[in-house]
Amino acid sequence: MKNENYADDFNMKKTEDEKKMDRTSYREEGLSEGQERILTARVSGVSIVGNVFLSAFKLLAGVFGHSSAMVSDAVHSLSDVLTTVIALIGVNVAKRGADTEHPYGHDRFECVSSEILAGLLLVTGAGIGLSGLQTIFAGNYSELEIPGLLPLAAAAVSILSKEAMFHYTKACAKKLRSSAFMADAWHHRSDALSSIGSLIGVAGARAGFPVLDPLASVVISAFILKVAIDIFRDATRKMTDTACDEEYTEKMRQYIAGQEGVVRIDLLQTRMFGEKVYVDVEIAVDAHMELESAHAIAERVHDGLERQFDNIKHVMVHVNPYEA
C-alpha cells in the first residue's frame, strides 16, 4: 500500500504532540460519504451509458460490415455493462456497517464482486477465443467475407472512447479506494486493446488477408483473459489476509518506535481485509511502570496509528514488560 498524498489537517482539536505527529502523517485525504455516493453514481453512469452506446454501434458495424472481430469486440463492450453493475453492487455492500452476522463489517464483499467480474471476463474471453480458433482451423479463408469500412470506423471510435473511460474510471477508483472500480477500469483498458486488435484484423482482411479478422478475435480473447486473471489474483490476495507491502509496514514500525515510552517492538503484523488493514502489534515498556501508564502508552500507539495511517480498520496493541 503506497500513499501518494498526505494530509495535515484532520478537522479536529489537537494537542501540540498530535500536531507534530500530523506533520509525518501517511493518511490520504478521503471523501465524505456524500461525495463517495455522488462519485460512485457518476462513474457507474458514465460507464454503463458509454458501453451501451458503444456496444450497439460496434455490433451494427460488425454485422453490416461483415467483421467477426468487431462482433467479438461488441460482446466484450456489452460485458462491461454487467461488470460495472457488479462493481457498483460490490462497492455499495462493502460500505455497510457491521451487524450481528458480519461483526467485522462487509469490506470483503467488494473483493467478492471483483472475483465474480473476473469469472465473467474469463467466460467472455474463452468464448471469443474459441469462436476465432474454429474459424481459423476451418481453413475456408476464401469464403470469408471482406469487412467494410464501417468496422474500421467503429474500432477507431472504440479505442478513443474506451481509453478515455479507462483513465476516468481509474482516477475515480483511486479517490474511492475501490478495487472493484479499479478492476472495472482495467476492463475498459482491455476493451481499448481489443479494439486495436479489431482495427488491425479488419485492416488486414481488407488488404487481402481475411484470416486476420478471426485471428484478431483470438488476440482480443488473450487480452480479456489476461485482465481476468490479474483481477482475480488481486481480489484473492485481499481476501486471504495478505500482509501490507514492506514500505508501508516499515513506516508504521518507525512511527511506533518513535512514540514516548516504547522501548522495543516485539511484533508487528498487518493483514489486508478487503481494502482495509488490520494491525497487530506487541510493544515492550518498562517492566516497573504502573499499569495505568503502560495502558496510556498502548492507547497512544493505537489511536496514533488509526489517525496517521490510511485505511486502517482496527489496531490491537499488546504490552510486554521490558527488563533492562
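How many bridges join S1 to strand S2 (residues 276–286)? The answer comes at the sheet stop of this tour, after the whole chain and its helices.

**Before you start**

This is a predicted model, in which local features need pLDDT of at least 70 and side-chain atom pairs count only at pLDDT 80 or more, whereas totals for chains, interfaces and linings use all residues. Residues are numbered from 1 along each chain as its sequence is written, and side-chain values use heavy atoms, with hydrogens and water left out.

**The whole chain**

Colour the protein chain by secondary structure, and you should find nine helices and three strands; helices (H or I, at least four residues) and strands (E, at least two) are DSSP runs, numbered from the N terminus. Along the sequence these elements follow the pattern α-α-α-α-α-α-α-α-β-β-α-β. Of the 324 residues in the protein chain, 44% are buried, where buried means under 20% relative accessible area, exposed over 50%, and partly exposed in between (1.4 Å probe, protein chains only). Among contacts between residues at least 6 apart in sequence, 73% join residues at least 24 apart, a contact being heavy atoms within 4.5 Å.

**Helix H2 and the loop after it**

Select Gly45, which lies in helix H2 (residues 33–64) and counts as partly exposed at 28% relative accessibility. Then add Val81, which is 36 residues away along the chain, and the two C-alpha atoms will be 9.9 Å apart. Move on to His66 in the loop between H2 and H3, a residue that has a positive phi of about 60 degrees although it is not a glycine, and that is partly exposed with a relative accessible area of 36%.

**Helix H6 and its two partners**

Next, show helix H3 (residues 68–94) together with helix H6 (residues 179–206), whose axes come within 9 Å and cross at roughly 175 degrees. Axes here are lines fitted to C-alpha atoms, for helices over the stretch in contact, and angles run from 0 to 180 degrees between N-to-C directions. H3 and H6 are therefore roughly antiparallel to each other, given that angles under 35 degrees count as roughly parallel, over 145 as roughly antiparallel, 65 to 115 as roughly perpendicular and the rest as oblique. To see the contact, display side chains including Met70, His76, Leu88 and Val91 of H3, and Phe181, His187, His188 and Ser198 of H6. By class this contact has seven nonpolar, 11 polar and four charged residues, where Ala, Val, Leu, Ile, Met, Phe, Trp, Tyr, Cys and Pro count as nonpolar, Asp, Glu, Lys and Arg as charged, and the others, Gly among them, as polar.

Keep H6 in view and add helix H4 (residues 109–138), which packs with H6 at an angle of about 20 degrees, the axes being 8 Å apart; that makes H4 roughly parallel to H6. On the H4 side the contact is made by Glu110, Ser113, Ser114, Leu117 and Leu121, and on the H6 side by Ser179, Ala180, Ala183, Asp184 and His187. These residues divide into four nonpolar, four polar and two charged.

**Two cysteines**

Select Cys172, which is buried with a relative accessible area of 5%, and then Cys244, which is buried with 9%. A search of the whole structure finds zero disulfides, a disulfide being a pair of cysteine sulfur atoms within 2.5 Å.

**The sheet and the helices across it**

Finally, turn to the three strands, which form an open sheet in the order S1-S2-S3 with mixed pairing; two strands pair if DSSP finds at least two bridges between them. The edge strands are S1 (264–273) and S3 (312–322), each pairing on one side only, and neighbouring strands are turned by 15 degrees against each other on average, direction ignored.

To answer the opening question, nine bridges join S1 to S2, and these strands run antiparallel. Pick Gln269 to find its bridge partner Asp280 in S2, and then Phe273, which stands opposite Lys276 in S2. S2 and S3, by contrast, run parallel and are joined by 10 bridges, and the bridge partner of Ala284 in S3 is Asn320.

Two helices complete the view: helix H8 (residues 246–257) lies across S1, S2 and S3 and runs at about 140 degrees to S1, while helix H9 (residues 291–308) lies across S2 and S3 and runs at about 155 degrees to S3.
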